[in-house]
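Reader: I have a structure to look at and some terms I do not yet know how to justify. Could we go through them one by one?

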Amino acid sequence: AGQTRIQLVAMRDAQSAVAAWQKLKQQHAQVLGPLSPIFERADLGDKGVYHRVQAGPFTDRNAAQAACTALKAAKQECVVVIR
């Protein structure tokens, strides 16, 4: 079984990813407060390297989807990711 998490944003460098997490956790404390940050480096070839800001883990996809729904209602992009 994989680990279920949500992806919030992708930044060009690691420092920006950490700063983005801190800002998002403060802005959306109700949803993100109990979650841990997960930073995933993604090399997209010609598009460059990005640092994905994710949060989790969730017990299942439904719990992750509920968090994304709450974040989207607050105008924050969110996608469920299973690793």
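Reader: How many bridges join strand β2 to β3, and do the two run parallel or antiparallel?

Author: This is a predicted model, and in it 8 bridges join β2 (residues 36-43) to β3. The two strands run antiparallel. One of the pairs is E40 with R52, its bridge partner in β3.

Reader: What makes β2 and β3 count as paired strands?

Author: Two strands pair if there are at least two bridges between them. Here 8 bridges join β2 to β3, so the condition is met. They also form a hairpin, with 5 residues between them. In the turn, G45 has a positive phi of about 65°.

Reader: How do you know that β1 pairs with β3?

Author: The cut-off of at least two bridges applies again. β1 and β3 (residues 49-58) are joined by 6 bridges and run antiparallel. M11, for example, has H51 as its bridge partner in β3.

Reader: Why is T4 called buried?

Author: T4 lies in β1, which covers residues 4-11. Its relative accessibility is 8%, and buried means under 20%, so T4 counts as buried. Leaving aside residues up to four places away in sequence, T4 touches G56, P57, F58, D60, R61, A64, V80, V81 and I82.

Reader: Why is A66 called partly exposed?

Author: A66 is found in helix α3 (residues 61-73). The relative accessibility of A66 is 48%. Buried means under 20% and exposed means over 50%, with partly exposed in between, so A66 counts as partly exposed. The C-alpha atoms of A66 and Q54 are separated by 15 Å, and these residues are 12 apart along the chain.

Reader: What is the order of the elements from the N terminus on?

Author: The elements run β-α-α-β-β-α-β, with 3 helices and 4 strands in the protein.

Reader: What makes the protein as compact as a globular protein of its length?

Author: Its radius of gyration is 12 Å, and the globule rule gives 12 Å for 83 residues, so the protein is as compact as a globular protein of that length. Along its principal axes, the C-alpha trace spans about 35 × 30 × 20 Å.

Reader: How many of the residues count as buried?

Author: Of the 83 residues, 36% count as buried. The accessible surface comes to about 5200 Å², and 50% of that surface belongs to carbon and sulfur atoms.

Terms used:
Residues are numbered from 1 along each chain as its sequence is written. This is a predicted model: local features need pLDDT of at least 70, side-chain atom pairs count only at pLDDT 80 or more; totals for chains, interfaces and linings use all residues. Side-chain values use heavy atoms; hydrogens and water are left out. Buried means under 20% relative accessible area, exposed over 50%, partly exposed in between (1.4 Å probe, protein chains only). Contact means heavy atoms within 4.5 Å. The radius of gyration is taken over C-alpha atoms; the globule rule is 2.2 Å times the number of residues to the power 0.38. Accessible areas come from the Shrake-Rupley method with a 1.4 Å probe; for residues, only the protein chains shown count as cover.
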